[in-house]
Amino acid sequence: MSIRSGSELRGQVNLQCDAVVVGTGAGGSIAARELARAGAKVIAVEEGAYCTSADFNQREEQMLPMLFQDRGGRTTDDLAIRVLQGRGVGGSTVHNTNLCKRTPDAILDLWHDRYHVTGMRAVELAPAFETIERDLSVAEIPIAMRNRNNDILRIGAEALGWRGGQLKHNRVGCQGSGFCELGCVYNAKQNALKVVIPQAVLAGADVLSDVRAVKVLHNANRVRGLRAEAIDREGRIVAEITIDAPVVVLSASAVGSAALARASNVPDKYELVGKRLRMHPGGVVAGRFKDEVCGDKGIPQSYECTEHLSFEEGSDRRVWITTAFAHPIGTASVLPGFGAKHMSMMRSYRHFSVLTAMLHDESMGEVYLGSEGRPALRYEMNRSDRLQLQKGLRACAELLFAAGAEEVVIPATPQVIVKSRRDLDRIDWSFGKPHSVPLTAVHPMGTMPMGDDPRSSVVNSQGEHHQLRGLFVADGSLFPTSIGGPPQISIYAFAQHLSPHIIARARH
Amino acid sequence: MSRVSRRGVLRGIGVGILALGGVAALVRTSGYELPAHRRGKLRVLDAAQFTILTAIASRVCAADASDAPSIEETDVVGFVDSFAVSMPEKMKRDLLLFLSVIEHVGPLFAKHVDRFTSLGLSSQDAVLSALEANDEGLLRGGFAGLKALLFMGYYRDPRTWPLLQYDGPTISQVGSP
């Protein structure tokens, strides 16, 4: 009934429980809470540290390595896409921008009709969504808290007659500091770290931070437990841990869970584990405005443009547009070039409005085990997605001009500076592809998809592995396809929805 | 017969270039000397790597006006050395290897035969531009990663913030840059 650091452990440690949860983000925190509330003895292990608002200091160079996997340096194996994933108690909910959107009904219908997912349509998931939204105080972001960067997006969308709207979030007591991606020093985020993990602990769950899962133990098609390593702050192994348990819940993200399943030689007759990786890769476009924008201040994302977003499979409208703004280090990393020209552009920092075109992607990548057994990602964007990216970058540029930008900068190599909306027609947009424009992905998903057909899914619609009794998945790995929007609420809710099945198995 | 993809060929070329850089690094590590105040203080970089990274940093973070602090004032390379201590081992190895690639192989992309640290400033810029726009994704991506690390070292320093009119943290400072 506590949160302890595994770095305090030494030697060989043996533990027993009813269920082990791997990862403490949106999915793992809910699974741990619901198991504990049902009276199960549950241990949640987390590779990263336990940090609270007192540990956050709004410094990029200190928070990026602390809160993100691979010290913020994770990329696809071809170095084309930066992949930002959380590390530490609370997972990605600690650094995300708190956007709350339910899984689109059309996506849930698609999963039902095409991917044999049962019991997960909108009406069936509604109670779980309602529970999560209540627990996390989800509400529409007050218009008064919309910063100028987001207002530019609104103005652009309205000027063009494009579909858009205010977003929902899970913050209470937000001070509008704009440092959400570095952890909230004001503790305003109603996330796994602040809300759900404490509830889990209160209900009796044990949380072990600084513990890296190494292998799911299993034989005779039944889960037997987990082998893990306790690590100190320098990453040195200080203890080896064996946890005997009949249930293991993988909630270590679509990257971590799939990598652990592969490292554990989990049965995979149809070679599906780790495949079908989607991740919403996104590119940015910056507009330079005469007046100050100060995009680094206030709630980073409060408005969306959905004009180019449709959830039909094979649609040619698969771009979600919202704002993107970074602090100096993040901005400097994305702007093209270097040296004096780069610095001159950085001097416009306060005058930039930045939008991102995030793809509802159909390309399928793979999570595999790289050197030293660490997760590695292979992802090659297909032609259709490249066209969507180009379309999205152009749409961002149109929005910025419609809102009054003096010029638009596309951080391609070589960089593209556009002086008017008319000039957009003269551009050959084929430069819009990985390696030519910086891309970032923050939503890996789909690597252990659910469904009732073992030939096309890794776990069933209750989240349990088709061949390995007692192995559950409760994170974004479950998604059979991209969901085309921020996934945190879906992950929380899916874990909530699947929990009765996990509890039932833990009791047998 | 197995199919040879364009991606596979490119990857092969990239790996070849990196391997060449690695070999070059083994045979040409002489002629680099640390400044006195750095001796015995570096945690990851050796004298050659420190010298190469300093040369790269001075071009990547080159100032556009006299109000910008230098890489020495902001200790960009010292920061990278400290930051690299806790990097995953593979990432650390790739970083150090990439420094060798820039030093020994990079100049070839801009039609120079001397090593990077021996080139004039404009030639160094040409080498880095060639890497940034290189057709081989690993070189382009490697440079982007290195650039991000150097900018982290530079823009972490509050003395750079007035250039951007960036106000910095809203809370009182915890920890030093």
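**Reading rings and helices**

Guide: Welcome! Being four residues apart in helix α6 of chain B, B:F151 and B:Y155 are separated by about one helical turn. Keep in mind that this model is predicted.

Visitor: How many aromatic pairs does the structure hold over all chains?

Guide: There are eleven aromatic pairs over all chains. To classify a pair, look at the angle between the ring planes: over 60 degrees counts as edge-to-face. The planes of A:F338 and B:F143 are at 75 degrees and their ring centres 5.9 Å apart, so this pair is edge-to-face.

Visitor: Where do A:F338 and B:F143 lie?

Guide: A:F338 is in the loop between α8 and α9 of chain A, while B:F143 is in helix α6 of chain B, so the pair joins two chains. By contrast, the rings of B:F151 and B:Y155 have planes at 45 degrees and centres 5.9 Å apart, so that pair is tilted.

Visitor: Are B:F151 and B:Y155 buried or exposed?

Guide: Buried means under 20% relative accessible area. B:F151 has 1%, so it is buried, and B:Y155 has 2%, so it counts as buried.

Visitor: At what angle do helices α4 and α5 of chain B pack?

Guide: For two helices, compare the directions of their axes: 65 to 115 degrees counts as roughly perpendicular. Here, the angle is about 85 degrees, with the axes 8 Å apart. That makes α4(B) roughly perpendicular to α5(B). Residues making the contact include B:I102 and B:F109 of α4(B), and B:V127 and B:L131 of α5(B). By class, this contact has seven nonpolar residues, one polar and no charged ones.

Technical notes:
Residues numbered from 1 in each chain as written. Chains lettered and ligands numbered in written order. Predicted model: local features only at pLDDT ≥ 70, side-chain atom pairs only at ≥ 80, totals over all residues. Heavy atoms only, no water. Axes fitted to C-alpha atoms, helices over the stretch in contact; angles between N-to-C directions. Parallel < 35°, antiparallel > 145°, perpendicular 65-115°, else oblique. Contact = heavy atoms within 4.5 Å. Nonpolar A, V, L, I, M, F, W, Y, C, P; charged D, E, K, R; others polar. Phe/Tyr/Trp six-rings, centres within 6.5 Å; stacked < 30°, edge-to-face > 60°. Buried < 20%, exposed > 50% of the residue type's maximum accessible area, 1.4 Å probe, protein only.
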